[in-house]
Amino acid sequence: MERVAEEMRSRGVAYEQPTPLHPTVEARIAAQAASIIDKGVEHAAAFDAAGNIAYRAVGTRNAVSIDAPRGALKDRNVLHNHTNGLSFSAKDLAASSRLDLAELGIMTRDAMGQAWMYRLQRPDSGWPRLT
């Protein structure tokens, strides 16, 4: 991970390594990521502080709706897959802010079949207002 940080900084990109998760939480998120990466439709899961899945949703090939009650996913880590090989969409960013997530992760494969995990964590100052 440090190699990635060094490369990003050398390109003039502001980069900070993600805040580490508890090893149990990290392992449970990784297991869920492995189980959804190759699904033909988008799947989402929200994890509680212990790494247990507190919410699940299944969507379509291009989207998954998170219809949890307002405040229910505040401070949660949410993971979902993208079937198109891309990272965060504008809707993902807006949902992270609206739901006040601690972290949003995207699991996907690129055109060469390489697996990618993208992580976006809430800034210390809170999410910017996105509309």
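Which residue stands opposite Gly105 in β4? Keep that in mind as you read these notes; please remember that this is a predicted model.

1. **The pair β3 and β4.** The residue standing opposite Gly105 of β4 is Leu79. The two strands behind this match are β3, residues 77–81, and β4, and they pair in the parallel sense over 5 bridges. To get from β3 to β4, the chain passes through helix α3, residues 90–99, and this β-α-β crossover is right-handed. Try tracing that path in the viewer.

2. **The other neighbour of β4.** Strand β5 covers residues 115–121 and runs antiparallel to β4, with 7 bridges joining them. Here Gly105 turns up again: its bridge partner in β5 is Arg119. So do look at the next residue too: Ile106 has Tyr118 as its bridge partner in β5. Between the two strands of this hairpin there are 5 residues, and Gly113 takes a positive phi near 90 degrees.

3. **How covered is β4?** This strand spans residues 103–109 and is mostly covered, with 6 of its 7 residues buried.

4. **The whole sheet.** Now zoom out. The open sheet is formed by 5 strands in the order β2-β1-β3-β4-β5, and its pairing is mixed. At the edges are β2 and β5, each of which pairs on one side only. On average, neighbouring strands are turned by 15 degrees against each other, direction ignored.

5. **Helix α2 and its length.** Helix α2 runs through residues 23–36, which makes 14 residues. From its first C-alpha to its last, α2 reaches 20 Å, close to the 20 Å expected at 1.5 Å a residue.

6. **One face of α2.** Which residues of α2 are buried? They are Val25, Ile29, Gln32, Ala33 and Ile36. Looking down the axis of α2, you would see these buried residues fall within an arc of 105 degrees, so they line one face of the helix. A general rule helps here: an α-helix has 3.6 residues a turn, so residues three or four places apart point the same way. On the other side of α2, Pro23 and Ala34 are exposed.

7. **Where α2 meets the sheet.** The helix lies across β1, β2, β3, β4 and β5, and runs at about 20 degrees to β3. Its buried residues pack against those strands, including β1 (43–47) and β2 (53–58).

8. **A closer look at Pro23.** Is this residue of α2 buried or exposed? Pro23 has a relative accessibility of 61%, and because the cut-off for exposed is over 50%, Pro23 counts as exposed. If you want a sense of distance, select the C-alpha atoms of Pro23 and Leu86: they are separated by 27 Å, and the residues are 63 apart along the chain.

9. **Two aspartates to check.** Asp75 is not a glycine, yet it has a positive phi of about 70 degrees. You will find Asp75 in the loop between β2 and β3, where it counts as partly exposed at 44% relative accessibility. Asp100 is not a glycine either, and has a positive phi of about 55 degrees. Asp100 lies in the loop between α3 and β4, and with a relative accessible area of 22% it is partly exposed.

Note on methods: Residues are numbered from 1 along each chain as its sequence is written. This is a predicted model: local features need pLDDT of at least 70, side-chain atom pairs count only at pLDDT 80 or more; totals for chains, interfaces and linings use all residues. Side-chain values use heavy atoms; hydrogens and water are left out. Buried means under 20% relative accessible area, exposed over 50%, partly exposed in between (1.4 Å probe, protein chains only). Helices (H or I, at least four residues) and strands (E, at least two) are DSSP runs, numbered from the N terminus. Two strands pair if DSSP finds at least two bridges between them. A crossover is right-handed if, with the strands pointing away from the viewer, the path from the first strand over the helix to the second runs clockwise. The expected span of a helix is 1.5 Å times one less than its number of residues. The arc is that of the directions from the helix axis to the C-beta atoms. Contact means heavy atoms within 4.5 Å. Axes are lines fitted to C-alpha atoms, for helices over the stretch in contact, and angles run from 0 to 180 degrees between N-to-C directions.
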